[in-house]
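Colleague: I have a few questions about this model. Could we go through them one at a time?

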Amino acid sequence: MKRFITVRMWEETKDKLEQVRIDKSMKERRIISLAQVIDELVDEYLMKQK
């Protein structure tokens with residue numbers, strides 16, 4: 001059961017991150033990898049926490 005919940009949460013999170021990646025790519029007119037989007041989101045979060 002625990003594994004199912006973890007997989008389900010990852011699938012939902014991945015879908016949301018993919019949408020953020022697509023939106024950002026279209027806005028900035030450049031190709032952005034999913035890893036780069038995650039990295040940028042983490043950086044933005046850490047800057048807000050300071």
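Colleague: In which helix is Leu 46 found?

Modeller: Keep in mind that this is a predicted model. The protein chain has two helices and zero strands. Leu 46 is found in helix H2.

Colleague: Is Leu 46 buried, partly exposed or exposed?

Modeller: Buried requires under 20% relative accessible area, and exposed requires over 50%. Leu 46 has a relative accessible area of 46%, so the residue is partly exposed.

Colleague: Which residues form the nonpolar patch on the surface, and what is their accessible area together?

Modeller: Leu 46 belongs to this patch. Its partners are Ile 38, Val 42 and Tyr 45. Ile 38 is found in helix H2 and is partly exposed, with a relative accessible area of 33%. Together, Ile 38, Val 42, Tyr 45 and Leu 46 have an accessible area of about 360 Å².

Colleague: How far is Ile 38 from Arg 21, C-alpha to C-alpha?

Modeller: Along the chain, Ile 38 and Arg 21 are 17 residues apart. Their C-alpha atoms are separated by 8.8 Å.

Colleague: Where is the place of Ile 31, and how far is Ile 31 from Arg 21 in space?

Modeller: Ile 31 is in the loop between helix H1 (2-28) and helix H2 (34-49). In sequence, Ile 31 and Arg 21 are 10 residues apart. C-alpha to C-alpha, the spacing of Ile 31 and Arg 21 is 8.8 Å.

Colleague: Does Ile 31 count as buried or exposed?

Modeller: The cut-off for exposed is over 50% relative accessible area. Ile 31 has 82% relative accessibility, so this residue counts as exposed.

Colleague: Which residue in the loop between H1 and H2 has a positive phi although it is not a glycine?

Modeller: The phi in question is about 55°. The residue is found in the loop between H1 and H2. At 78% relative accessibility, it counts as exposed. The residue is Arg 29.

Colleague: Does Ser 25 count as buried or exposed, and which residues does Ser 25 touch?

Modeller: Ser 25 lies in helix H1. Its relative accessibility is 15%, so Ser 25 counts as buried. Leaving out residues up to four places away in sequence, Ser 25 touches Arg 30, Ile 31 and Ile 32.

Colleague: How many salt bridges does the structure hold, and which residues are linked in a network of them?

Modeller: The structure holds five salt bridges. One of them joins Lys 24 and Glu 28. The residues linked in a network are Lys 24, Glu 28, Arg 30 and Glu 40.

Colleague: How far apart are the closest N and O atoms of Lys 24 and Glu 28?

Modeller: Lys 24 and Glu 28 are four residues apart in helix H1, so about one helical turn separates them. Glu 28 counts as partly exposed because its relative accessibility is 34%. In the salt bridge of Lys 24 with Glu 28, the closest N and O atoms are 3.4 Å apart.

Colleague: Which salt bridge of Lys 24 links distant parts of the chain?

Modeller: Lys 24 forms a salt bridge with Glu 40, with the closest N and O atoms 3.1 Å apart. Lys 24 is in helix H1 and Glu 40 in helix H2, 16 residues apart. The salt bridge that links these distant parts is Lys 24 with Glu 40.

Colleague: Is Glu 40 buried or exposed, and which residues does Glu 40 touch?

Modeller: Buried means under 20% relative accessible area. Glu 40 has 19%, so Glu 40 counts as buried. Not counting residues up to four places away in sequence, Glu 40 touches Lys 24 and Arg 30.

Colleague: What separates the closest N and O atoms of Glu 28 and Arg 30?

Modeller: Glu 28 forms a salt bridge with Arg 30. Arg 30 counts as partly exposed because its relative accessibility is 36%. The closest N and O atoms of Glu 28 and Arg 30 are 2.6 Å apart.

Colleague: Why is the protein chain described as more spread out than a compact globule, and what is its radius of gyration?

Modeller: The protein chain has two helices and zero strands. For 50 residues the globule rule gives 10 Å; the radius of gyration is well over that, so the chain is more spread out than a compact globule. Along its principal axes, the C-alpha trace spans about 40 × 30 × 15 Å. The radius of gyration is 13 Å.

Colleague: What share of the residues is buried?

Modeller: The protein chain exposes about 4700 Å², and carbon and sulfur atoms supply 60% of that. Of the 50 residues, the buried ones make up 12%.

Definitions and conventions. Residues are numbered from 1 along each chain as its sequence is written. This is a predicted model: local features need pLDDT of at least 70, side-chain atom pairs count only at pLDDT 80 or more; totals for chains, interfaces and linings use all residues. Side-chain values use heavy atoms; hydrogens and water are left out. Buried means under 20% relative accessible area, exposed over 50%, partly exposed in between (1.4 Å probe, protein chains only). Contact means heavy atoms within 4.5 Å. A salt bridge is a side-chain nitrogen of Lys or Arg within 4 Å of a carboxyl oxygen of Asp or Glu. Patches are made of residues with over 30% relative accessible area and no salt bridge: like charges are joined within 9 Å, nonpolar side chains (Val, Leu, Ile, Met, Phe, Trp, Tyr) within 5 Å. Accessible areas come from the Shrake-Rupley method with a 1.4 Å probe; for residues, only the protein chains shown count as cover. The radius of gyration is taken over C-alpha atoms; the globule rule is 2.2 Å times the number of residues to the power 0.38.
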